[in-house]
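Here is a short walk through a protein model. Keep the sequence and the 3D view open as you read.

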Amino acid sequence: MHLGSMDSSVKVIIESGQTIRPGDAFVQNNPYNGGSHLPDVTVVSPVFDEAGEHVLFYVASRAHHEDIGGIAPGSMSPLAQTIHEEGVILDNLKLVDGGVFLTDAITEALSSGPYPARNITQNVADLMAQVAANATGAAELKKLIAHYGLETVHAYMGYIQDSAEEAVRRVISDLIDGTFSYELDSGAVIQVAVTTDKEHRTAMIDFTGTSPQLTNNFNAPGAITHAAVLYVFRCLVGDEIPLNAGCMKPLEIIVPEGSMLNPRFPAAVVAGNVETSQAVTNVLFAALGALGSSQGTMNNLTFGNDRYQYYETICSGAPAGPGFDGAAAVHTHMTNTRMTDPEILEQRYPVLLEQFAVERGSGGRGQWVAGDGIIRTISFRENMECSILSDHRRVPPFGVKGGEPGRVGRNWIDRRDGSVTELGGCAHTHVSPGDRINIQTPTGGGFGAAHNREIAENEDDT
């Protein structure tokens, strides 16, 4: 999600009309102006020539901040209905001016609005780290220029995009047109039709028929929808190519304005980045008949208070596909992250990780079986606010080409008094010391009819 949508943020800075000088850096998180969702904060820095007169490149880094404000710690509340309830909007703000980090200005920005950030010192430290990351990138680019020359470096950057474009065109030549409709727990539907032009080796990805923008925060900004399309077509390429915008040149994407995949301001969007992106990925692979469904969610868990804020996404099994079963308990598609080590989690936060286990046999059945899901239990040692954003607690992930659906997930809290609170897919609640939250993940559906697997197994036995 970060890499696939960062080019939009960089373009916004370039086209903003601001005066850009050597040593400057800019910060951006506005989903309606090149961003993804508010916790994802992008820092963009220009790289000038030695004379400091012309911008040669832009480097950028993006980080998910643990809290950017909003109505709940962690800035991922399922109750938000507008972008303003999700946190502080940083729209093309200058962060570094001629090499001077603007601490007072960014502190003021993070303190603004009805729901300011909760741990501004940490935000500032993270932004300083992002500026340092950009400085490292700029230094490496300058080393390349010193070694190969500017003309050669620019040329090879063009070659990288040209290579990616050609790789996607080759893929398009082998694709079969397809459509698919995908229902979320809310009843919203994502509809896609993929049409290829074999003569020109181009493809149209048309999301017409997708539900209008929602009153919840499962709306996905345009940059997210484009990132999911880019990801899917990059997966289809067999060559080892870097992820880059050249992949998009043969693709035309149609997303109706005012739909949940292209909402109008000020619709809430925080789950669009982490939830709807997974759904878009699933629906595209299904329309192409290329891969089984994943769990279709990231199981976004946040908890915190005035002192602590924590956010994690929770894995399930990988999808099955033609000729292979899915792996168990691994982040897939638009997450592609690792989880915090248990020792670090318990050292830094007042919680205990009581259970994190693979549930064998839980993946959707088929000729090829989806990867097994997990169950994760965390107990709390302080009073906190806790939120879960997830999907497929009502509608199971679908099977492909005759495969059986996966299982639905479940979220619940075992209270210290012995009662049980069912959370559903999206909820915000208070937790007390001794309460335990349990996340049982959904699993992807199978790929191909299960009886074909039984036939193959019987043949192997004989």
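The paragraphs below deal with strands, then with a helix between strands, and then with aromatic rings.

The model is a predicted one. Begin with the open sheet of 5 strands. Its order is 3-2-1-4-5, and the pairing is antiparallel. Which strands stand at the edges? They are strand 3 (55–64) and strand 5 (100–101). Each has a single partner strand, so one side of each is left without a neighbour in the sheet.

Take a look at the strand 5 end. Strand 4 covers residues 93–97, and 2 bridges join strand 4 to strand 5. These two strands run antiparallel. Find Val-96 and look across to strand 5: its bridge partner there is Phe-101.

Now move along the chain to strand 7 (residues 189–197) and strand 8 (residues 202–206). They pair in the antiparallel sense, over 5 bridges. One place to see this is Thr-196, which stands opposite Ala-203 in strand 8. Strand 7 and strand 8 form a hairpin with 4 residues between the strands. Look there for Arg-201, which takes a positive phi near 55°.

Strand 8 also pairs with strand 9 (residues 251–254). How do strand 8 and strand 9 run, parallel or antiparallel? They run parallel, joined by 4 bridges. Here Asp-206 stands opposite Ile-254 in strand 9. Helix 5 (residues 222–236) belongs to this part as well. Strand 8, helix 5 and strand 9 make a β-α-β unit, and the unit is right-handed.

Next come the aromatic rings. A pair of such rings is described by the distance of the centres and the angle of the planes. The count for this model comes to 10 aromatic pairs. One of them is formed by Phe-303 and Tyr-310, 5.0 Å centre to centre, with 35° between the planes. Why is this pair called tilted? Planes under 30 degrees apart count as stacked and over 60 as edge-to-face, so an angle of 35° falls among the rest, the tilted pairs.

Are Phe-303 and Tyr-310 buried or exposed? Phe-303 is buried, and Tyr-310 is buried too. Both also belong to one aromatic cluster, together with Tyr-308, Tyr-349 and Phe-380.

Finally, look for arginines over rings. Arg-376 lies over the face of Phe-356, at 4.6 Å from the ring centre. Arg-410 lies over the face of Trp-412, and the distance from the ring centre is 3.7 Å.

Terms used: Residues are numbered from 1 along each chain as its sequence is written. This is a predicted model: local features need pLDDT of at least 70, side-chain atom pairs count only at pLDDT 80 or more; totals for chains, interfaces and linings use all residues. Side-chain values use heavy atoms; hydrogens and water are left out. Rings of Phe, Tyr and Trp (its six-membered ring) pair if their centres lie within 6.5 Å; planes under 30 degrees apart count as stacked, over 60 as edge-to-face and the rest as tilted. Buried means under 20% relative accessible area, exposed over 50%, partly exposed in between (1.4 Å probe, protein chains only). A charge sits over a ring if NZ of Lys or CZ of Arg is within 6 Å of the ring centre and within 35 degrees of the ring normal. Two strands pair if DSSP finds at least two bridges between them. A crossover is right-handed if, with the strands pointing away from the viewer, the path from the first strand over the helix to the second runs clockwise.
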